[in-house]
Amino acid sequence: GDIPLKLSATKDINDVRIRRSPKEAVYEQVVKDLKTAENAGLPWADQSGHVSLGAVKSLLAKVYITMAGYPLQKGKPYYQLAYDKAMEVIGSHQFSLFEQYGDLRNPAVQNTREHIFMLQRHPTVAVSNIHWAYLPYPARPISIQPAYGGAMVPAKAFYDSYADDDARKQEQAFFYTKYARYGNPAETVFFPEPYIFKFWDEEAEKTGRSGANFPLIRYADVLLLCAEAKSMIDGGATSDAAAIDAYYLVHHRAFPAAAKPAALTTDDILKERYWELCFEFQTWYDMLRTRKAFDVAHGRMTSLVGYKAPNHLRSFEETDFQFPLPLAEVQKNPDLAL
């Protein structure tokens, strides 16, 4: 919603009563900043993990497609901006998908190819907790520090929504159901349900410290965004060759035998985003901007309002789409409540 848009440093403790700006003004400032960054002389890619031109343009495409949808609903002109910006990234030929899903977690290729921008971690000075947060609850350990986190697991209905021959569903691609016991690799530990393997860190398994980077913008995201934007420009379905090629690169990796479709619907593309980008903290924002949810039980996209997700106690309501104002902030700045 509307938030304070503050563009200068606070130098006086009495200068904290700032009213909220319209949300559109906030988005426009983000666009302005990204356009400035586009002209900052950055390289297209940066293997050191610093911000690159590819990251800036990809993020700008994501901002445009968000502005096209909710909450601003700027529609086709902004879908066109998102499509054009995504095509700049694609047309640069600086990025490509990994052939194997295992390379998504390979430290030797971090910050390259598919990884347009990553959150940089280090095993001693910026440790990642993802490895342990996703560990299952086996009776016997599969990592040197068995945190038995289990904090993030796929709902069975979502896991079952993948086709059986989807390469992302195969053992140790995005998920896993068994693993060698730590300290005794000849013994296999079987899990009671599938768990997330997408971010498994082999070094952390042995050392107890993880320096694995986390993906913030992947090329697969940009490809699917390109296809989605064009489908919305064309009224909910498209036969545009560039859009279909972008979608097909992602889909073909999951289904090597699949033929290239002649046309795509927006819902086809949105479902592909669910399957491809799961657990990368992208999906909720897709749901907010499209106001659509993937009804996994029936294999279809549906209105987010009124949809009761698996494991949820009630259906989504409009009031679920914004956080409340934090009381501590309102106490410091009563103008927030105006």
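## Burial and surface

Let's start with how much of the chain is tucked away: of its 338 residues, 44% count as buried. Keep in mind as you read on that this is a predicted model. The chain exposes about 17,100 Å², and carbon and sulfur atoms supply 55% of that area.

Charge is worth a look here too. The chain carries 38 positive and 41 negative charges, and the mean positions of the two sets lie 3 Å apart.

## Overall fold and dimensions

What does the secondary structure of the chain come to? The tally is 11 helices and 8 strands. The radius of gyration is 21 Å, close to the 20 Å that the globule rule gives for 338 residues, so the chain is as compact as a globular protein of that length.

Along its principal axes, the C-alpha trace spans about 65 × 55 × 50 Å. Contacts add a view of how the sequence comes together: among those between residues at least 6 apart in sequence, 58% join residues at least 24 apart.

## A hairpin to zoom in on

For a local feature, turn to strand 2 (residues 175–181) and strand 3 (residues 184–196). These two strands run antiparallel and are joined by 6 bridges. Which residue of strand 3 does Tyr179 stand opposite? Its partner across the pair is Val189.

The hairpin that strand 2 and strand 3 form has 2 residues between the strands. If you check the backbone torsions there, you will find Gly183 with a positive phi near 85 degrees.

How values were computed
Residues are numbered from 1 along each chain as its sequence is written. This is a predicted model: local features need pLDDT of at least 70, side-chain atom pairs count only at pLDDT 80 or more; totals for chains, interfaces and linings use all residues. Side-chain values use heavy atoms; hydrogens and water are left out. Two strands pair if DSSP finds at least two bridges between them. Helices (H or I, at least four residues) and strands (E, at least two) are DSSP runs, numbered from the N terminus. The radius of gyration is taken over C-alpha atoms; the globule rule is 2.2 Å times the number of residues to the power 0.38. Buried means under 20% relative accessible area, exposed over 50%, partly exposed in between (1.4 Å probe, protein chains only). Contact means heavy atoms within 4.5 Å. Accessible areas come from the Shrake-Rupley method with a 1.4 Å probe; for residues, only the protein chains shown count as cover. Lys and Arg count as positive and Asp and Glu as negative; His and the chain ends are not counted. The place of a charge is taken as NZ of Lys, CZ of Arg, CG of Asp or CD of Glu.
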